[in-house]
Amino acid sequence: MPAVDPSDAPVNSVPTFEECNGLIRALKNGRTDYEKRWKEIRDTQLPFLGEFDDTADATNPARRRDLKIVTPVAWLSCQAFGAGVMSGLTPPSRQWFKLTFSNASLSGDRDAAMVLDMRQEIMESVLHRSNFYNSIHSCYMELPFGQAPLAVFSSDTTGVRFQAYTVGTYYLGISSSDRVNTFARKFKMTPFQLAEQFGENSLPDGVKDMLRNPGTKYGKKLTVWWLVIPNEKHTDKPGSHNMPYLSLYWLDGMNDGKFIHVGGFEEFPVPVARYQVSDGEAYGKGAGWYAEGDSKALQIMKKDFLTWVELSVKPPMKAPPDVASFGINLIPGGVTQVNELNGNNQVTPVFNVGSNPQWLAQQIVETENTIKRTYSADLFLMLDQLDNTNMTAREVMERQQEKLQQLGPVVERLQDEFLTPVLERVYNILDREGVFPPVPDEIAQRLAQEDVKVVYLSPLAQAQKMSGLVNIEQALSFT
């Protein structure tokens, strides 16, 4: 992570604390309404995701979070969606992207193409060696909330390192073109961790005092803010404070008038995957938004069904006082004493449950299927759900392509807004760190003059391309 001593940064090259705090307040206000929905989605659908300040998430991370959930259909659907997008968009077991030139005329340049192929293989090796696939799967699991950020950092050990952030822990801002270009995060660190990451000399005096006390050095938790914003005054001069994006760290309420870290990035370091976005909105809307009503209705219906079962098996009983005084034995095979001379001393149910359990069970199944469709779980589990086992391979392929087209807009957005910036940043980090082997000057000049683009070869990307060939194939068959 590029870093400079905050005192060495030129005056007016970074925002003031007042400007940063004003921006944080604006980001908080912009997230307030979304946060309410995220909590509802978390409580009724995805209980094991998210972290919010005003809940017990931080103070008691081991607590049960699924107390409002009777049936975990949404959570299982989210798992199917995350695994399906993982295997369909970024499968670890196969090549899912290729580096090519934007200029098609260079497709015959064999030497330049060989350089790109070699760099592509290095990128694939670095991604496998790093924590990329674990982190990006976490992002796919977060997409039902609407968005999922993934930070990309350089690493001395693996070349690159990735960090996924759960909903409720970050704040987003967008540019005039609706692209996410501002990221803020609040988190906790001990004085020891602060000194380890930023150096003791950059910390306020109050934190330095905590470092001298073993109890506070390792046990005290301090609130840290991290803010990434576009650098309006960036130049080509050396220094991280001159880069296109500024990276600022400070302690909440203990800054002593200075940042504990001033750094920068050549590219936006936290690409954000978004499911569906409205114009002018930083946050997206995912499957959890659309399944919220069905999920809440499902919990009520399932609870009512279980209540009916319990009332049918163990109905409330009524008995005369003299019988009740001996006790009513509800255990199977148990005996309740009654006075045979009095025919009214019978133990009977208070009422008979006269509902239609078959109809309620059918409604539950239909609601569960609706939730699965909303999460696209039926798409990825389609082959396991085929009723007609006599379908030909062609019928299976056409049915699969038809369903894959439903994810077309989501796939396009994920590739354009998320995967391409991630791969571009990985490429540039490896290039700046000298990981790529040197190339002859003549080829290097050709590469420098041309833009490199990413072509996706994943199953979902190929399904999108194949959908356009179906009409051509049908026309040829008709002819």
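Student: In what order do the 5 strands of the open sheet line up?
Tutor: Keep in mind that this is a predicted model, with residues numbered from 1 along each chain as its sequence is written. Strands here are DSSP E runs of at least two residues and helices are H or I runs of at least four, each numbered from the N terminus; two strands pair if DSSP finds at least two bridges between them. In this open sheet the pairing is antiparallel, and the order is β4-β5-β6-β7-β8.

Student: Which strands are the edge strands of that sheet?
Tutor: Look for strands that pair on one side only. That picks out β4 (170-174) and β8 (261-265).

Student: By how many degrees are neighbouring strands of this sheet turned against each other on average?
Tutor: Axes are lines fitted to C-alpha atoms, for helices over the stretch in contact, and angles run from 0 to 180 degrees between N-to-C directions. For this average, direction is ignored. The value is 15 degrees.

Student: What is the bridge partner of G173 in β5?
Tutor: Start from the edge strand: β4 pairs with β5 (residues 180-189) in the antiparallel sense over 5 bridges. Within that pairing, G173 has as its partner T182.

Student: And at the other edge, which residue of β8 does Y245 stand opposite?
Tutor: Strand β7 (residues 245-251) is the one that pairs with β8, antiparallel and over 5 bridges. Across from Y245 sits F265.

Student: Which residues point the other way from H261, G263 and F265 in β8?
Tutor: In a regular strand the side chains alternate between the two faces of the sheet. Buried means under 20% relative accessible area, exposed over 50%, and partly exposed in between, with a 1.4 Å probe and protein chains only. By that rule 5 of the 5 residues of β8 are buried, and the ones facing the other way are V262 and G264.

Student: Which residues touch the most other members of the largest nonpolar core?
Tutor: A nonpolar core is a set of buried Ala, Val, Leu, Ile, Met, Phe, Trp, Tyr and Cys residues joined through side-chain atoms within 4.5 Å. Side-chain values use heavy atoms, without hydrogens and water, and local features need pLDDT of at least 70, side-chain atom pairs count only at pLDDT 80 or more, while totals for chains, interfaces and linings use all residues. This core has 66 residues, and the ones you want are F183, L194, W226 and W250.

Student: How many residues are in the second, separate core?
Tutor: Its members include F81, V160, V426 and I429. The total is 49 residues.

Student: How many disulfides come out of the count?
Tutor: A disulfide is a pair of cysteine sulfur atoms within 2.5 Å. Two cysteines worth a look are C20, buried at 1% relative accessibility, and C78, buried at 0%. The disulfide count is 0.

Student: Through how many residues does a hairpin join β2 to β3?
Tutor: Strand β2 (residues 147-155) and strand β3 (residues 159-164) run antiparallel and are joined by 6 bridges. One of those partnerships sets L150 against A164 in β3. The hairpin itself uses 3 residues.

Student: Which helix packs on the sheet, touching β2, β3 and β9?
Tutor: Here 3 strands form an open antiparallel sheet in the order β3-β2-β9, with β3 and β9 (272-274) as edges. Neighbouring strands are turned by 25 degrees on average, direction ignored. The helix spans residues 408-432, and its direction makes about 10 degrees with that of β2. It is α15.

Student: Is K302 buried, partly exposed or exposed?
Tutor: K302 lies in helix α9 (residues 292-313). Because its relative accessibility is 23%, it counts as partly exposed.

Student: Which residues is K302 in contact with, leaving aside neighbours within four places in sequence?
Tutor: Contact means heavy atoms within 4.5 Å. As a related distance, the C-alpha atoms of K302 and I69 are separated by 9.6 Å, although they are 233 residues apart along the chain. The contacts of K302 are V70, T71 and I364.
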